[in-house]
Each structure stands twice: as structure tokens, then as C-alpha cells.
Amino acid sequence: MRPKPKDTQKSANFFDSWKRMIQYSQKYWKGFLLAIIFAAGGNILNVIGPDRLAAMTDVISAGLKTTIDMAAIRKIGFSVLFLYGFGGLLTLIQGWIMVNITQNITRSLRTDISDKINRLPMAYFSHTTVGDTLSRVTNDVDTIGRALNMSVQNLISSGTMMIGTLVMMFITNIWLTLTAIGATLIGLLAIGIITRFSQKYFVEQQNDLGAINGQIEETFAGHTIVKVYNGEEMVRKEFTEMNKQLRESGFKSQALSSLMSPIMTFIGNFGYVAVAVMGALLTMNGNISFGVVVAFIIYVRLFTQPLSQIAQGIQSLQSAAAAGERVFSMLDEEEMEDESAKTKEIRDAKGYVEFSNVQFSYGEDEPPVIKDFSAVAKPGQKIAIVGHTGAGKTTIVNLLMRFYEINKGDIFIDGISTQEITRENLHDQFCMVLQDTWVFEGTVRENLIYNTQNVPDEKMIEASKAVGFDFFVRTLAKGYDTVLDEKISLSQGQKQQLTIARAIIADKPMLILDEATSSVDTRTELKIQKAMDALMEGRTSFVIAHRLSTIKNADTILVMDNGDIIEKGSHEELMTKNGFYTDLYNSQFEHAS
């Protein structure tokens with residue numbers, strides 16, 4: 001069973017999560033203040049309306065005994081129309097302001113997450129699924145956006161409505177006001193209890209959603225493997241179990257939270273009854289007029305209706321609090337070291353690379369992957385790194401590129417420690433071709449010249465011809481301007497040709513090849529090998545290869561086993577030793593025969 005994301009077990013606090021959200025949103029405080037002012041203005045006008053209606057009721061009641069004052073009624077009627085109309089306009093403006101603010105906040109969140117991803121170390125992605133990360137960028141941010149757009153807007157409107165109504169109620173009659181407040185406190189107490197118990201299930205729901213997204217993304221990325229090994233049933237069972245967990249956490253959170261609305265409906269009706277009974281008693285004693293009772297019936301509706309909206313808003317805010325915790329936990333992740341203060345740069349690299357007693361492990365409690373690695377690559381040399389799977393070959397390249405930071409030792413390029421320069425400056429010195437190819441949705445041209453400026457068509461076509469990719473491109477309807485998407489399917493070999501051509505076009509001082517020809521046929525491999533030999537001419541190159549026949553012409557072959565160099569030399573030198581490399585080389589031809 002796939003483990004949940006690592007922050008699943010945290011106990012989220014509703015108020016702590018929203019405290020973080022308020023801190024994040026404080027730069028928009030002027031907009032929130034304007035929204036509150038317009039909401040308050042609209043609601044004040046709306047709550048004055050019942051007072052005018054009470055006055056109209058008293059005029060009509062007095063007129064029934066003599067003559068109804070139609071002029072006074074018209075005057076009051078127009079004032080009520082103005083109050084409600086202008087109040088509605090202010091509420092509309094408040095809604096527009098809130099939509100603008102919430103869209104800016106969600107845009108900022110996505111931007112910050114995107115920037116954060118570029119600052120996260122590679123270790124973060126080794127324990128976090130792609131689907132869970134995508135869920136934080138999409139589902140969690142959207143949940144926060146919906147809560148801010150609807151719930152906060154409703155809370156502002158409801159809060160100002162309640163305060164305005166409460167003021168008018170106290171002005172009208174204090175005893176009826178205390179009666180309505182007493183009935184309302186029962187509902188607020190119930191909301192507090194429900195929120196406390198249901199919040200943990202909202203956290204589980206968001207984490208379960210992230211986990212199931214990770215499972216779906218992983219399954220469809222390896223859909224061919226699932227089919228080949230008839231793993232549909234296993235995948236289905238895993239999905240069913242995770243879906244069941246999501247259903248249970250979703251049911252518990254929504255079921256508990258949905259209790260708020262009927263409770264507040266009951267409290268509202270209870271408030272009507274309480275005010276009606278108290279009002280009848282006061283009217284019989286002659287303490288208030290009938291118009292006051294009419295006005296208070298409307299006030300109770302204005303006072304309790306926002307409570308129902310607040311209950312619904314809190315339900316949405318709980319989901320947003322859980323989503324906010326996941327988003328902010330990612331934004332709080334430890335970042336790579338800030339390198340803005342580094343001033344050293346490598347320019348016109350000659351390609352002298354030295355590994356000095358490098359040691360590395362993937363975690364404090366993990367066993368060392370690289371124990372004591374020392375090697376020297378002179379300018380223009382081709383250095384091959386070979387060994388069994390898990391020997392540490394790719395790790396050495398990752399440390400050279402500073403995808404991971406070494407624990408001890410140092411790596412030098414032209415005498416400058418890679419720790420003293422920025423990662424950007426380091427990466428500018430290398431072209432890198434990996435076994436796992438990367439092709440994005442865009443034209444063939446855009447994929448080939450990726451982030452390389454001012455590339456003439458001649459250079460692009462020449463590079464494509466060198467690796468045998470140009471012939472395929474010519475068969476496409478729009479040639480190099482063909483968009484690579486789900487309609488244009490590249491084989492794995494063609495993708496590898498494209499990425500090697502990309503490296504040739506980038507034309508950087510040093511080169512790293514990690515099983516760069518593993519997915520092409522032998523004939524294409526020979527053609528690519530010639531192109532790569534031409535590319536490596538005069539460049540320091542590091543080649544990781546399992547096909548030992550491809551690195552026979554390397555200047556130095558480093559044979560690794562269990563994180564250490566156990567043999568070193570040219571192909572001929574290593575073969576005469578009749579050691580580990582000889583056994584490895586001969587075993588490939590034995591298998592081939």
C-alpha cells in the first residue's frame with residue numbers, strides 16, 4: 001500500500017491555518033478594508049429598511065381609525081426603495097472587490113509554489129509523488145480560492161449584517177434583543193463544537209486526495225507496464241482502497257460539517273418563536289407598539305439568516321484550512337542554499353575536473369552511497385564510468401551537477417570548488433543527455449533549441465542530421481514547425497535522438513552522457529556515436545555506459561563498485577589486468593553470443 005504524503009499525520013488547527021492565510025494575504029488589507037466598508041454600507045442601508053417599514057405600519061394602523069396619510073406612505077415607500085436599491089449596489093461593488101482580491105491571492109500562491117519548486121532540493125522529490133505536488137498546485141489552491149471568493153465574502157457580508165442588525169435591535173428594544181441573542185448563542189456554541197471535531201477529517205480528506213492523485217498519475221505514466229504485466233487488478237485494488245479512504249474522510253468531514261446548517265435553521269426558527277412570545281407579552285402590557293413587533297420579526301430574520309451563511313462559510317473554510325496547511329507546508333520546506341552572495345564564476349572553462357575524497361549518502365540515517373571517491377579528468381578527456389547497477393555511477397554525475405550536496409570532500413572545475421559558484425553558473429558548463437528523455441509539448445524546433453539563444457536553422461538542421469533525426473522530421477507535415485503533442489508520437493529512440501541533438505546545439509564546454517544511446521538500434525547507435533565523438537572532441541566528457549563496447553575509446557575508464565573506484569585505466573590496460581572490468585566486459589559478449 002502506498003504511504004500517504006508525509007504531512008498527513010499532522011493535526012491541523014483551524015485557526016493556525018487561517019492565521020497563516022491572513023499573514024499571507026495581509027498585503028491586500030486595503031482591498032479587504034474596502035470590501036468591509038462597502039459591505040457594511042450596503043447592510044446598514046438594508047437594516048434601516050425594517051425601521052422604515054415599522055413606521056409605515058404605524059401610519060397605516062393610525063389611519064385605519066381616521067384617514068390614511070398617503071403622502072407619508074409614499075415618502076416612506078420611496079425611502080425604502082432607495083435604501084434597498086443603493087444597498088444592493090454597494091453589495092455588488094463589495095463582491096467585485098472580493099473576486100479581484102481572491103484571484104490575485106490564488107495567482108500569488110501558484111506563483112510562489114512554482115518558484116518554490118525551483119528552489120527545492122532534489123531530495124524533496126525523492127519522497128514526494130508528482131501527483132501529490134500537482135494536487136497542491138491545483139486542487140489545494142483552488143480550494144483556497146473558492147473559500148476566499150465565496151466564504152470570506154459571505155462572512156464579511158454576514159458579519160456586517162449581524163452587527164448592523166444588532167445595533168438597530170438594541171435601539172428598537174433591548175428586551176427583544178436579549179431574547180434573540182440568547183437563542184443565537186446556543187447555535188454558535190454548537191458550531192464551535194462541530195468545527196473542533198470535524199477539522200481533522202478535512203485534513204485527512206485533502207491528504208487522501210493528494211495521495212489518490214499521485215496513484216493515478218503514476219499508474220497512467222506507466223500504463224504500458226501495467227498492461228504488459230497484467231497489473232490492472234492490482235492497480236484497481238490499490239485505487240479502490242485509496243478511494244475508500246478518501247470517501248470515508250470526505251464523508252466524516254462533510255457529514256459533521258453539514259450539521260451546522262440545520263442547527264442554525266432550528267436556532268433561527270427558535271428565535272422567531274422566542275421574539276414572538278416576548279413581543280406579544282410586551283405589546284399586551286403596552287410597552288411597545290405593534291409596528292415594533294413587525295420590525296423585530298424582520299430583524300430576527302436578518303440576524304439569524306447570516307448565521308446560516310456563516311455556518312456554510314465555516315464548512316468551506318475548514319476545507320480551505322486543510323488545503324492551506326498542505327500548501328504552506330510545501331512553502332515551508334527547506335530550500336537549497338541562497339547563492340546570491342557568491343561572486344566567483346567560471347568563464348571559458350577548460351574542463352579540468354577533480355573529485356577529491358567525495359563522500360555522500362542520501363540521508364543522515366542512510367548508508368553511504370559514495371564512500372571515498374577521488375578522480376581527475378583533464379581537459380578534453382573522455383572519462384567513462386562503469387559498474388554494476390547501484391554502484392554509484394549516476395550519483396557521481398548528480399554530485400558533479402550539484403543536484404545533491406556532498407557530505408565530505410570537494411569537487412573542483414579548473415581549480416574552483418563547485419561550492420564557491422552558483423548552480424546556474426555550474427550548469428552553464430555542461431550539456432547533459434540522460435537515459436530518461438524529456439520532450440515537452442511544443443514544436444520540434446522549440447524542443448531542439450530549448451533555452452539556447454540565437455540558434456540559426458543551419459546549426460539546428462546539421463545537429464539533427466548528425467544524429468539521424470532530420471530524416472524523420474522531413475516526413476512531418478510542417479517539418480521543424482510541427483507541434484509535438486499526443487497526435488505526434490515519437491518513439492523512445494527518436495526522443496533520444498532529439499535530446500542528443502539538443503546537447504549538440506547547446507554546445508557547452510563539458511558533456512555528460514548517461515546511457516545516452518540505450519534506446520536506439522545498433523545502426524543508429526553507430527551514427528550517433530560518430531556524432532557524439534565529434535561533439536566530445538576537445539571537451540571534457542563523462543560517459544556512463546552499460547554497453548562497454550561504446551566506451552572502448554575512452555581516455556580513462558573508472559570501474560565502480562559499492563561507491564568506490566576499484567579499477568582505473570584505458571580499455572586495453574584494464575583488459576590486461578584480467579580483473580573486475582575484464583569479467584564485466586566478457587560477460588556482455590558471452591550473453592550476446
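Start by selecting helix 11: its buried residues (buried meaning under 20% relative accessible area, exposed over 50%, partly exposed in between, with a 1.4 Å probe and protein chains only) are K393, T395, I396, V397, N398, L399 and L400. Helices here are DSSP runs of H or I with at least four residues, strands are runs of E with at least two, and both are numbered from the N terminus. Helix 11 covers residues 393-400, and seven of its eight residues are buried, so it is largely enclosed by the rest of the structure. Step just past helix 11 and you reach R402, whose phi is positive, near 60 degrees.

Before moving on, a word on what you have open. This is a predicted model, where local features need pLDDT of at least 70 and side-chain atom pairs count only at pLDDT 80 or more, while totals for chains, interfaces and linings use all residues. Residues are numbered from 1 along each chain as its sequence is written, and side-chain values use heavy atoms, with hydrogens and water left out.

Now zoom out. The protein chain has 19 helices and twelve strands, and 48% of its 593 residues are buried.

Next, select 178-197. UniProt, in an unreviewed entry, lists this stretch as a "transmembrane region", along with 28-48, 76-99, 259-282 and 288-304. UniProt positions follow the numbering used here, feature names are shortened, and annotations may be inferred rather than shown by experiment. In the model, residues 178-197 are 100% helix and 0% strand, with the end C-alpha atoms 30 Å apart. Jump to 259-282 and you get 96% helix, 0% strand and end C-alpha atoms 35 Å apart.

On to the sheet. Show the six strands in the order 6-9-10-3-11-12: they form an open sheet with mixed pairing, where two strands pair if DSSP finds at least two bridges between them. Strand 6 (430-433) and strand 12 (564-569) are the edges; each has a single partner strand, so one side of each is left without a neighbour in the sheet. From one strand to the next, the twist averages 15 degrees.

Zoom in on strand 6 and strand 9 (residues 510-514), which pair in the parallel sense over four bridges. V433 sits opposite L513 in strand 9. Add helix 16 (residues 492-506), which lies across strand 6 and strand 9 and runs at about 175 degrees to strand 6. Axes are lines fitted to C-alpha atoms, for helices over the stretch in contact, and angles run from 0 to 180 degrees between N-to-C directions.

Keep helix 16 on screen and add helix 14 (residues 457-466): the two pack at an angle of about 135 degrees, with axes 9 Å apart. Which residues meet there? K459, M460, A463 and S464 in helix 14 meet A501, I504 and I505 in helix 16; contact means heavy atoms within 4.5 Å.

Select L535 in helix 17 (residues 522-536) next. L535 is buried, at 7% relative accessible area. Leaving aside neighbours within four places in sequence, L535 is in contact with I504 and L511. L535 and I505 are 30 residues apart in sequence, yet 9.8 Å apart in space, C-alpha to C-alpha.

Finish with two loops. N451, between helix 13 (444-448) and helix 14, has a positive phi of about 60 degrees although it is not a glycine. Is N451 buried or exposed? N451 is exposed, with a relative accessible area of 66%. D414, between strand 4 (408-413) and strand 5 (416-417), is also not a glycine, and its phi is positive at about 55 degrees. D414 counts as partly exposed, at 27% relative accessibility.
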